[in-house]
Amino acid sequence: MKKNMAVIKGSTFDAVIYNKDNSFIMKNLNGREYILENEPVYNFNVLNTPKNDLLLFYKNKAGAAYISRVFSEGKGESRRLMPCSAFSSSFDCVFTQTNALNACFFYTLSSKEKNTKALYATDFSDDKGILIDTIIPMDGCDFYLVQGETPALIYKNKQKSLVLCVFGGKTLREQKTYILSQKSETISDISCLEEKGRFHICYISSQMGSSSIIYRQLSAEGLSSPRILATKKNLLSCLIFMSKNILFIFGTSKTSAFYTFSKDTGATFYPAAVYFKQLNVTSKAQYTFLQGETFKATEIFMDELSPLLISDFSDSKPETPPEFTSEDIIRLKAKIANFEKEINERNTQVTEMSKAVSDVQQQNSILMQQWKTRFETLEKDYNNLKEKFGEAQKSNEELKIQIRDFQSKKEEKEKSLSRLHQENTALKKAKSLLEEEIYRLNNNIEENM
């Protein structure tokens with residue numbers, strides 16, 4: 001969500017910085033307004049330095065960049081920064097300062113690759129700046145700055161993966177990158193908080209028509225696996241913050257707001273529940289808290305110019321209990337009625353499901369008995385067939401022996417038949433010779449007579 005506002009929260013200093021009527025103004029929560037610039041400013045951010053100084057960085061339409069201290073009565077004298085590509089030519093430019101890095105800027109410039117921009121960092125020790133990556137601009141801003149003891153950036157690289165880049169050293173060149181999400185996911189909103197060396201990150205991931213709030217944590221042990229905290233339809237925004245050492249994650253849709261929380265710095269989360277109040281979230285604002293505040297965040301939900309959730313989770317206790325309007329009471333009664341209706345419907349569904357399960361179990365029992373009987377019958381038939389097969393094998397062996405005996409006798413008969421055939425042929429030949437001899441003798445006798 002777009003963050004063209006900034007909220008400052010302290011024990012004696014509450015204010016909202018925003019554009020109004022072609023002016024850049026700061027409004028105390030008591031209603032008093034202070035003009036910061038006589039023209040709208042769309043590139044700015046507020047920083048609470050390690051020395052607890054509130055600094056406002058902003059760029060005007062001409063590309064000139066300024067830094068000034070912010071007080072409850074407005075801003076101090078603005079100091080114009082020397083012209084450079086970070087200010088005159090950049091699209092998004094943000095300022096941060098830590099004990100390790102001192103003052104530094106992150107900004108984007110045009111890139112030769114289509115639909116991309118070049119993400120740079122500079123602390124003015126390098127005139128040309130340091131190229132961090134080639135990125136695809138995200139919705140509402142090119143990249144996301146995580147303000148904290150250790151600055152970090154969240155952006156989408158040209159491979160469409162969501163990346164966390166942490167600057168944990170003494171120079172901007174000392175950086176480590178972590179892949180938070182792959183390109184198959186559509187990321188619609190992100191929220192991040194750095195607390196005591198841990199980065200708590202949540203984002204809305206949409207796949208196949210379903211939206212989920214995903215949580216990941218980066219600590220000294222490394223980057224945790226993605227954890228789905230809630231899945232809803234039409235998720236719009238998410239917010240992560242810490243109050244009284246409890247980590248809260250909120251999500252909003254078109255119809256409701258819900259939240260979950262962790263009492264062990266993100267190791268485990270309670271099941272997501274609907275928030276008891278109606279939240280009319282119109283945008284997000286940058287959130288800067290001063291020392292002593294127990295509500296810690298880098299951004300906050302806004303209802304027009306009013307910050308949401310802070311009073312519900314702050315340490316300050318009102319002198320009188322909060323008053324509920326008639327509309328709040330009607331809305332709560334409607335929610336209670338809806339919950340009771342939903343509980344009754346769920347109870348009916350449970351009863352029906354229990355009956356269905358009982359019927360299925362009874363049918364399964366009957367089927368199991370039928371299959372058991374069938375199996376026993378088949379097993380008996382199998383044993384009978386196995387026994388008959390054994391007998392058939394035995395008969396087959398005996399038959400083979402008989403066949404071999406028959407073949408042997410057959411061969412002997414064939415040999416005897418062959419001998420008889422040869423003897424018969426010899427007898428026929430002898431008979432023919434005798435007949436010829438008799439015929440010759442008869443002829444001789446007739447001639448002698």
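In this predicted model, Asp-142 and Lys-117 meet through their side chains in a salt bridge, 3.1 Å from N to O. The pair joins distant parts of the chain, 25 residues apart. Asp-142 sits in the loop between β13 (130-136) and β14, while Lys-117 belongs to strand β12 (residues 117-122). Both Asp-142 and Lys-117 are buried.

A search of the whole structure finds twelve salt bridges. Three of them are set out here.

| Salt bridge | N to O distance | Burial |
|---|---|---|
| Asp-142 and Lys-117 | 3.1 Å | both buried |
| Asp-14 and Lys-9 | 3.2 Å | Asp-14 partly exposed, 21%; Lys-9 buried, 19% |
| Glu-342 and Arg-346 | 3.1 Å | Glu-342 partly exposed, 35%; Arg-346 partly exposed, 48% |

Asp-14 and Lys-9 fall on either side of a cut-off. Buried means under 20% relative accessible area. Lys-9 has 19% relative accessibility, so Lys-9 counts as buried. Asp-14 has 21%, so Asp-14 counts as partly exposed. The closest N and O atoms of this pair are 3.2 Å apart.

Glu-342 and Arg-346 offer a helical case. Both lie in helix α3 (residues 326-448). They are four residues apart, about one turn of the helix. Their side chains form a salt bridge of 3.1 Å, N to O. Glu-342 is partly exposed at 35% relative accessible area, and Arg-346 is partly exposed at 48%.

Salt bridges also form a network. Asp-189, Lys-284 and Glu-299 are its linked members.

Next, the surface. Val-274, Phe-339 and Ile-343 make a nonpolar surface patch of about 270 Å². Val-274 is placed in strand β26 (residues 273-274). Val-274 is partly exposed, with a relative accessible area of 41%. Patch residues need over 30% relative accessible area, so Val-274, at 41%, clears that cut-off.

Now the empty space. Rolling a probe the size of a water molecule over the atoms shows where such space is left.

The largest pocket has a volume of about 1,200 Å³. Its lining has 45 residues, and the closest to its centre are Val-46, Leu-47, Gln-147, Gly-148 and Thr-298. Five elements are listed as giving two or more residues to this lining: β5 (43-48), β10 (93-98), β14 (144-146), β18 (186-195) and β27 (283-289). Of these, β5 gives the most, with six residues. By class, the pocket lining holds 18 nonpolar, 17 polar and ten charged residues.

How many cavities of 30 Å³ or more does the structure hold? It holds one. The largest cavity has a volume of about 40 Å³. Its lining residues include Ile-213, Leu-229, Ala-230, Ile-249 and Phe-250. Gly-251, Phe-258, Tyr-259, Thr-260 and Ala-272 are also among them. Strands β22 (227-232), β24 (246-253) and β25 (257-262) each supply at least two residues of this lining.

Which classes make up the lining of the largest cavity? Eight residues are nonpolar and two are polar. No charged residue takes part in the cavity lining, whereas the lining of the largest pocket has ten.

Technical notes
Residues numbered from 1 in each chain as written. Predicted model: local features only at pLDDT ≥ 70, side-chain atom pairs only at ≥ 80, totals over all residues. Heavy atoms only, no water. 1 Å grid on protein atoms, 1.4 Å probe; cavity = no way out; pocket = protein on both sides within 12 Å on 5 of 7 lines; lining within 4 Å. Points joined across faces, edges and corners; volume = space filled by probe spheres on them. Nonpolar A, V, L, I, M, F, W, Y, C, P; charged D, E, K, R; others polar. Salt bridge = Lys/Arg side-chain N within 4 Å of Asp/Glu carboxyl O. Buried < 20%, exposed > 50% of the residue type's maximum accessible area, 1.4 Å probe, protein only. Patch = residues over 30% accessible without salt bridge, like charges linked within 9 Å, V, L, I, M, F, W, Y side chains within 5 Å. Areas by Shrake-Rupley, 256 points an atom, 1.4 Å probe, with all protein chains shown as cover.
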